[in-house]
Amino acid sequence: MNETIIQVQGLNVAYSDHRVIRDVSVAIPARQITAIIGPSGCGKTTLLRSLCRLVELTPGVRVWGQIFFDGQDIYAPDVDVTDVRKRIGLLAQRPFPLPMSIYDNVAYGPRLYGTRKREMLDAIVQRQLQAAGLWDEVKDRLNAPASALSIGQQQRLCLARGLAVEPEVLLCDEITSALDPLSSQRIESRLLELKVDYSIVMVTHVLRQARRLADYVIFMYMGELIEHGPAEQVLHNPQEAKTKAYLAGEFY
């Protein structure tokens, strides 16, 4: 039986009076790639952002239920939210490099959390750019502005920046949707390598991508959890009618 990294219990999320997540309970396995799939507007991104307490930054949102990480409910009143967001990092759909150099983008997080020695920062920057598959392309221009990179390179830079604070869980919100096929392939390759050390949860609207990458699948429909389980089971032998309809392309 696989180890669980995050346990969601009775999670509900509402924007004003509109409930977008309804009583979701699911265990997310450690050191695997979990794909959240489902038609547009079903609550995939809301669920993802709930796992790192970023959803609450939306005005008018209400969250109730529990999400346990490392044995503690991250929505408990005494939880250090900054620590949660450090340990559970989010990579957004479109890359947003900081308006600074390539080097400083990666070093930003470690500096924020107290790393000041240049040799330590140098090692972090190189290690995480290598992990993101970008080092060989930028090692001779680390002081160049990050905005000069291609969009695919910017997404890998954002991946390196996220890894630099050493999260335990990496959340990915359709991170290849704005990329060309080659850049998407590079990101996918990195994720497959990174799952050895990180637990990855990704939202994807591309079923082919879920089939290529996922070890575990969560299928959402209209804010409800319809089916979840090992990817082989959910994607190739689904038990629920709505899952079968979605996989057959009957609704998006």
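Asp122 and Arg118 both belong to helix α4, where four residues, about one turn of the helix, separate them. In this predicted model, the side chains of Asp122 and Arg118 meet in a salt bridge, with an N to O distance of 3.0 Å. An α-helix has 3.6 residues a turn, so residues three or four places apart point the same way. Asp122 is partly exposed, since its relative accessibility is 32%. Arg118 is likewise partly exposed, with a relative accessible area of 46%.

The count of salt bridges in the model comes to 14. Side chains of opposite charge can pair when their charged atoms come close. A salt bridge also joins the side chains of Glu3 and Arg31, at 2.9 Å from N to O. Glu3 lies in the segment before β1 and Arg31 in the loop between β2 and β3, so this pair ties together parts of the chain that are 28 residues apart in sequence. Glu3 is partly exposed, with a relative accessible area of 46%, and Arg31 is partly exposed as well, at 43%.

Asp215 forms a salt bridge with Lys195, and the closest N and O atoms of the pair are 3.1 Å apart. This pair links distant parts of the chain, 20 residues apart: Asp215 is in the loop between α8 (207-213) and β9, whereas Lys195 is in the loop between α7 and β8 (199-203). Asp215 counts as partly exposed, because its relative accessibility is 25%. Elsewhere, Asp70, Asp83, Arg87 and Glu168 are joined into one network by salt bridges that share partners.

Asp215 and Lys195 are also among the residues that Gln32 touches. Gln32 is found in the loop between β2 and β3 (33-37). The relative accessible area of Gln32 is 13%, so this residue is buried. Leaving aside residues up to four places away in sequence, Gln32 touches Asn2, Lys195, Tyr198, Ser199, Ile200, Asp215 and Tyr216.

Strand β3 takes part in an open sheet of six strands, which has the order β6-β7-β8-β3-β9-β10 and mixed pairing. The edges of the sheet are β6 (88-91) and β10 (224-230); each has a single partner strand, so one side of each is left without a neighbour in the sheet. From one strand to the next, the twist averages 15°. Strand β9 (residues 216-221) pairs with β10 in the antiparallel sense, over six bridges. Ile218 stands opposite His228, a residue of β10.

Helix α3 contributes a set of buried residues, namely Ile102, Tyr103, Asn105, Val106, Ala107, Gly109 and Pro110. The buried residues of α3 pack against three helices: α4, α5 (135-138) and α6 (151-163). On the surface, Tyr108, Leu112 and Tyr113 form a nonpolar patch, and together these residues have about 320 Å² of accessible area. Of the patch residues, Tyr113 is found in the loop between α3 (102-112) and α4 (118-131). Tyr113 is partly exposed, as its relative accessible area is 39%. Gly114, just after α3, takes a positive phi of about 110°.

Positive phi values also occur at residues other than glycine. Most residues other than glycine have a negative phi. Ser16, which is not a glycine, has a positive phi near 55°. Ser16 is placed in the loop between β1 (4-15) and β2 (18-29). Glu174 is not a glycine either, and its phi is positive at about 50°. The place of Glu174 is in the loop between β7 (169-173) and α7 (181-194). Glu174 counts as buried because its relative accessibility is 15%, which is under the 20% limit for a buried residue.

Technical notes:
Residues are numbered from 1 along each chain as its sequence is written. This is a predicted model: local features need pLDDT of at least 70, side-chain atom pairs count only at pLDDT 80 or more; totals for chains, interfaces and linings use all residues. Side-chain values use heavy atoms; hydrogens and water are left out. Helices (H or I, at least four residues) and strands (E, at least two) are DSSP runs, numbered from the N terminus. Buried means under 20% relative accessible area, exposed over 50%, partly exposed in between (1.4 Å probe, protein chains only). Two strands pair if DSSP finds at least two bridges between them. Axes are lines fitted to C-alpha atoms, for helices over the stretch in contact, and angles run from 0 to 180 degrees between N-to-C directions. Contact means heavy atoms within 4.5 Å. Patches are made of residues with over 30% relative accessible area and no salt bridge: like charges are joined within 9 Å, nonpolar side chains (Val, Leu, Ile, Met, Phe, Trp, Tyr) within 5 Å. Accessible areas come from the Shrake-Rupley method with a 1.4 Å probe; for residues, only the protein chains shown count as cover. A salt bridge is a side-chain nitrogen of Lys or Arg within 4 Å of a carboxyl oxygen of Asp or Glu.
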